[in-house]
Amino acid sequence: QVQLAESGGGLVQAGGSLRLSCVASGRTFSAYAMAWFRQAPGKEREFVASISTIGPVVYADSAKGRFTLSRDNAKNTAYLQMNSLKPEDTAVYYCAATEGVATPRRYNVAATYPYWGQGTQVTVSS
C-alpha cells in the first residue's frame, strides 16, 4: 500500500503559477502510475494529468499547454507545475496512484486509482 500527501496549493491571481507536490510513502514509488484530479465545489472530480514510469504523460484538454506533470522516483514525488492559471482552475487538487509501471487503460477515470491523498486547495482570483 502507498500513502500520498499533497502540498503546494494556495491563493494566486489569474495568470500566476503554482507547483503542487505529491509525496508517496510506503512502497516502491516507481511501481505506481500517478495522476492528478481536481474537484470544484458542486462538480464531479475530473482528471487533470497522469504519468507512469514507462508511459507518456497524458493531459486533460484543460491542462494542455499550461500544466506540466513530472515525477522524481528518487524523491518519491510527483509534481504538477501549473502556469497561466485561470479562475476556473479553482478546485481541490488530489494526487492518486495505482500499481503498475505503464499508463492505465482508463487513466482518466478516478475509480482506476485506489490510493488518494487528502487534497490541496488551489484558488485562482480574477
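With a relative accessibility of 1%, Asp 89 counts as buried in this structure, which is a predicted model. Asp 89 is placed in the loop between β8 and β9, and its side chain comes within reach of the backbone nitrogen of Lys 86, at 2.8 Å. When residues up to four places away in sequence are not counted, the residues touched by Asp 89 are Arg 38, Arg 66, Phe 67, Ser 84, Val 122 and Val 124.

A second loop position, Ala 31, lies between β3 and β4 and counts as partly exposed, at 31% relative accessibility. Ala 31 and Val 101 are separated by 70 residues in sequence, yet their C-alpha atoms are 5.3 Å apart in space. Val 101 is also among the contacts of Ala 31 that remain once neighbours within four places in sequence are left aside, the others being Thr 98, Glu 99 and Gly 100.

The strand architecture includes an open sheet of four strands, arranged in the order β1-β3-β8-β7 with antiparallel pairing. Its edges are formed by β1 (3-7) and β7 (67-72), each of which pairs on one side only. On average, and with direction ignored, neighbouring strands of this sheet are turned by 15 degrees against each other. Strands of a sheet pair, in general, through backbone hydrogen bonds, in either a parallel or an antiparallel sense. Within the present sheet, the antiparallel pairing of strand β3 (residues 18-25) with strand β8 (residues 77-82) extends over six bridges, and Leu 18 is found opposite Met 82 in β8.

Aromatic side chains provide a further set of contacts, and six aromatic pairs were counted in the model. In one of these, Phe 37 and Tyr 113 adopt an edge-to-face arrangement, with 5.6 Å from centre to centre and 70 degrees between the planes. This pair links distant parts of the chain, since Phe 37 belongs to strand β4 (residues 32-39) whereas Tyr 113 belongs to the loop between β9 (91-99) and β10 (115-116), the two residues being 76 residues apart. Phe 37 is classed as buried because its relative accessibility is 0%, and Tyr 113 is likewise buried, at a relative accessible area of 2%.

The rings of Tyr 94 and Trp 116 have centres separated by 6.3 Å and planes at 75 degrees, and the pair is therefore edge-to-face. Because Tyr 94 lies in strand β9 and Trp 116 in strand β10, this pair ties together parts of the chain that are 22 residues apart in sequence. The two partners fall into separate accessibility classes: Tyr 94 is buried, with a relative accessible area of 14%, while Trp 116 counts as partly exposed, at 25% relative accessibility.

Both pairs belong to one aromatic cluster, which is formed by Phe 37, Phe 47, Tyr 94, Tyr 107, Tyr 113 and Trp 116. Arg 45 is positioned over the face of Tyr 94, at 3.8 Å from the ring centre, and Arg 45 also lies over the face of Trp 116, at 4.8 Å from the centre of that ring.

Technical notes: Residues numbered from 1 in each chain as written. Predicted model: local features only at pLDDT ≥ 70, side-chain atom pairs only at ≥ 80, totals over all residues. Heavy atoms only, no water. Phe/Tyr/Trp six-rings, centres within 6.5 Å; stacked < 30°, edge-to-face > 60°. Buried < 20%, exposed > 50% of the residue type's maximum accessible area, 1.4 Å probe, protein only. Lys NZ or Arg CZ within 6 Å of the ring centre and 35° of its normal. Pairing = 2+ DSSP bridges. Axes fitted to C-alpha atoms, helices over the stretch in contact; angles between N-to-C directions. Polar contact = N/O pair within 3.5 Å; in protein donor to acceptor, adjacent residues only side chain to side chain. Contact = heavy atoms within 4.5 Å.
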